[in-house]
Amino acid sequence: MKYLSSIAFLTFLSSALFAKELKTEILINAAPQKIWKILTDFENYPKWNPFITFIKGEAIVGKKISIKVEPPNSRAMTFEPEILVFETNKELRWLGHFLFSGLFDGEHKFELIDNGNGTTTFKQSEDFGGILVPFFGSSFDDTLEGFKAMNEKLKELAEKE
């Protein structure tokens, strides 16, 4: 029994130390279809998106795309995540790794919730995991600010017309 308690404690400690979740959401006065069209038009990201400044490739489940993120006050990073979910007008999710799985992984998610009244709740989140997570400290704050900046620009674009 003592052995199981030790394993449970180590599992808890591992998830507490080597995991981090960032979440944002914003109410947008537009239908999910309109927001989805902007969100999946990767070619235009450099024109409007202050956080994800580049995406190249097709969002096909199981395929990789190339992404460049530029969080405020942090270095830009380019990586090639794999598309996990592409559900039209509802969810886009990918998983990226730094060098190899388990070192520093990020599962990024965009979710659109139709409120049924002409508005959409847009949620952007990322679950980070891996042994390097404790060393990224304040860069998570910068990433969260990047999420918020992107959300605001997406809202502005979707509500424009």
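Here is a short chat between a colleague and a modeller about a predicted model of one protein chain.

Colleague: Let's start with the overall picture. What pattern does the chain follow along the sequence?

Modeller: The secondary structure comes to four helices and eight strands. Buried residues make up 38% of the 161 residues in this chain. Read along the sequence, the pattern is α-β-α-α-β-β-β-β-β-β-β-α.

Colleague: Okay, now the inside. Which helix gives the largest share of the largest nonpolar core?

Modeller: That core has 33 residues, and L39, Y45, I52, W94 and F110 touch the most other members. Six residues of the core come from one helix, and that's the largest share. The helix spans residues 139–160, and its name is α4.

Colleague: Let's zoom in on I52. Which residues is I52 in contact with, leaving aside neighbours within four places in sequence?

Modeller: I52 is one of the core residues that touch the most other members. Y45, W94 and F110 are also in that group. Leaving aside those sequence neighbours, the contacts of I52 are Y45, I67, K68, V69, W94, F110 and M150.

Colleague: On to the strands. How many bridges join β7 to β8?

Modeller: On one side, β7 runs antiparallel to β6, with seven bridges, and W94 stands opposite H108 in β7. With β8, β7 forms a hairpin that has five residues between the strands, and G116 in the turn has a positive phi of about 75 degrees. β7 and β8 run antiparallel too, and E111 has K123 as its bridge partner. The number of bridges joining β7 to β8 is ten.

Colleague: K123 has come up already. How many residues apart in sequence are the parts tied together by the salt bridge of K123 and E25?

Modeller: The side chains of K123 and E25 meet at 4.0 Å, N to O. K123 counts as partly exposed at 29% relative accessibility, while E25 is exposed at 55%. K123 lies in strand β8 and E25 in strand β1, so the pair ties together parts whose separation in sequence is 98 residues.

Colleague: What about a salt bridge within one helix: how many residues apart are K148 and E145?

Modeller: Their side chains meet in a salt bridge of 3.7 Å, N to O. K148 is partly exposed at 40% relative accessible area, and E145 is partly exposed at 41%. Both lie in helix α4, and their spacing is about one turn of the helix, or three residues.

Colleague: Here's one that puzzles me. Is E91 buried or exposed?

Modeller: E91 sits in strand β6 and is linked with R93 and E107 in a network of salt bridges. Leaving aside neighbours within four places in sequence, E91 is in contact with W36, V85, F86, K109 and F110. Its relative accessible area is 12%, and the cut-off is under 20%, so E91 counts as buried.

Colleague: Last one, on the surface. Is F100 buried or exposed?

Modeller: F100 lies in the loop between β6 and β7. Together with F98 and L99, F100 forms a nonpolar patch on the surface, with about 370 Å² of accessible area for the three together. The relative accessibility of F100 is 51%, and the cut-off is over 50%, so F100 counts as exposed.

Key. Residues are numbered from 1 along each chain as its sequence is written. This is a predicted model: local features need pLDDT of at least 70, side-chain atom pairs count only at pLDDT 80 or more; totals for chains, interfaces and linings use all residues. Side-chain values use heavy atoms; hydrogens and water are left out. Patches are made of residues with over 30% relative accessible area and no salt bridge: like charges are joined within 9 Å, nonpolar side chains (Val, Leu, Ile, Met, Phe, Trp, Tyr) within 5 Å. Accessible areas come from the Shrake-Rupley method with a 1.4 Å probe; for residues, only the protein chains shown count as cover. Helices (H or I, at least four residues) and strands (E, at least two) are DSSP runs, numbered from the N terminus. Buried means under 20% relative accessible area, exposed over 50%, partly exposed in between (1.4 Å probe, protein chains only). A nonpolar core is a set of buried Ala, Val, Leu, Ile, Met, Phe, Trp, Tyr and Cys residues joined through side-chain atoms within 4.5 Å. Contact means heavy atoms within 4.5 Å. Two strands pair if DSSP finds at least two bridges between them.
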